[in-house]
Amino acid sequence: VEAAAGQGANAGGRRCVVGLPRSERNEMTNVLRDALDILHQRGWYQGDVESKRNGSVCILGACGLAARSESEFGWAFAHEPEGKVLMDTIRELYPERYREHWDESENIWGFNDNEETVQADVETVLDKAAVRWEERV
């Protein structure tokens, strides 16, 4: 299946959901896996959703692009079922970077922008969350 314009094809026969509205996605799609692909393509960024200099993105920026979120910052994605899986994965893998009094979007961007977080941490969280999502479907 062809990927949306400007995006590479996904491995393993997965259909790329970048640019597809939620109503057109099916159980074979994985927004979290696509967000990881976007992160690899564009690069990871801390401190904002997207770098104005080189187009790299934070974890929410990648997820928002993959989900074609209504929110330019990916905040809406954080409250989708996939966002909740992502937040739960952050809570499990990096409990010291999770805040009980924050909502989903705050915890996801808070993890991304934590001074101890590095790109490998973000990739690990996205990969583990994607596997969890695939196990649910």
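# Exercises on a six-helix chain

Leave out residues up to four places away in sequence, and Thr117 touches Trp44, Gln46, Arg97, Phe111, Asn112 and Val122. Keep in mind as you work that this is a predicted model.

**Exercise 1.** Find where Thr117 sits in the chain, and decide whether Thr117 is buried or exposed.

*Solution.*
- Step 1: Place the residue. Thr117 is in the loop between helix 5 and helix 6.
- Step 2: Look up its relative accessible area, which is 3%.
- Step 3: Compare that with the cut-off. Buried means under 20%, so Thr117 counts as buried.
- Step 4: Go back to its contacts. Among the residues that Thr117 touches are Trp44 and Gln46, and Gln46 belongs to the loop between helix 1 and helix 2.

**Exercise 2.** Work out how accessible Gln46 is, and which backbone oxygens its side chain reaches.

*Solution.*
- Step 1: Gln46 has a relative accessible area of 31%. Partly exposed runs between 20% and 50%, so that's the label Gln46 gets.
- Step 2: List its contacts. Not counting residues up to four places away in sequence, Gln46 touches Asn112, Asp113, Asn114 and Thr117.
- Step 3: Check the polar atoms. A polar atom of the Gln46 side chain lies 2.9 Å from the backbone oxygen of Asn112. The Gln46 side chain also reaches the backbone oxygen of Thr117, at 3.4 Å.
- Step 4: Try a C-alpha distance. Gln46 and Val57 are 11 residues apart in sequence, and their C-alpha atoms are 7.7 Å apart in space.

**Exercise 3.** Stay in the loop between helix 5 and helix 6 and turn to Val118. Is Val118 buried or partly exposed?

*Solution.*
- Step 1: The relative accessibility of Val118 is 42%.
- Step 2: Buried needs a value under 20%, so Val118 counts as partly exposed.
- Step 3: Now measure across the chain. Val118 and Trp44 are 74 residues apart in sequence, yet the distance from C-alpha to C-alpha is 9.0 Å.

**Exercise 4.** Describe helix 1: its span, its buried residues and what happens at its two ends.

*Solution.*
- Step 1: Count and measure. Helix 1 has 12 residues, and the 16 Å from first to last C-alpha is close to the 16 Å expected at 1.5 Å a residue.
- Step 2: Pick out the buried residues. They are Val31, Leu32, Arg33, Asp34, Ala35, Leu36, Ile38 and Leu39.
- Step 3: Look at the start. A side-chain oxygen of Asn30 comes to within 3.0 Å of the backbone nitrogen of Leu32.
- Step 4: Look just past the end, where Gly43 has a positive phi of about 95°.

**Exercise 5.** Which residues does Ala35 contact beyond its near neighbours in sequence, and how enclosed is helix 2?

*Solution.*
- Step 1: Ala35, in helix 1, is buried at 0% relative accessibility.
- Step 2: Leaving aside neighbours within four places in sequence, Ala35 is in contact with Ala62, Cys63, Ala66 and Leu126. The C-alpha atoms of Ala35 and Ala66 are separated by 5.3 Å, though these residues are 31 apart along the chain.
- Step 3: Now take helix 2. 8 of its 9 residues are buried, so helix 2 is largely enclosed by the rest of the structure. Among those buried residues are Ala62, Cys63 and Ala66.
- Step 4: Right after helix 2 comes Arg68, with a positive phi near 50°.

**Exercise 6.** What does the side chain of Asn107 reach, and what surrounds Asn107?

*Solution.*
- Step 1: Asn107 is in helix 5 and is buried, at 0% relative accessibility.
- Step 2: Its side chain reaches the backbone nitrogen of Arg99 at 2.9 Å.
- Step 3: Not counting residues up to four places away in sequence, Asn107 touches Met87, Ile90, Arg97, Tyr98, Arg99 and Trp102.

**Exercise 7.** Zoom out. What builds the largest nonpolar core, and which element has the lowest mean pLDDT?

*Solution.*
- Step 1: The chain has 6 helices and 0 strands.
- Step 2: The largest nonpolar core holds 32 residues; Leu32, Ile59, Phe77, Leu86, Ile108 and Leu126 touch the most other members. Helices 1, 2, 3, 4, 5 and 6 each give two or more residues to this core.
- Step 3: Check the confidence. Helix 3 has the lowest mean pLDDT among the elements, at 72, and helix 1 the highest, at 94. Over residues 1-20 the pLDDT is below 50, and this stretch has 43 contacts in the model beyond near neighbours in sequence.
- Step 4: Read with care. Where pLDDT is low, predicted coordinates shouldn't be read in detail.

Methods:
Residues numbered from 1 in each chain as written. Predicted model: local features only at pLDDT ≥ 70, side-chain atom pairs only at ≥ 80, totals over all residues. Heavy atoms only, no water. Core = buried A, V, L, I, M, F, W, Y, C linked by side-chain atoms within 4.5 Å. Buried < 20%, exposed > 50% of the residue type's maximum accessible area, 1.4 Å probe, protein only. Helix = DSSP H or I, 4+ residues; strand = E, 2+ residues; numbered from the N terminus. Expected span 1.5 Å × (residues − 1). Polar contact = N/O pair within 3.5 Å; in protein donor to acceptor, adjacent residues only side chain to side chain. pLDDT = per-residue confidence, 0-100. Contact = heavy atoms within 4.5 Å.
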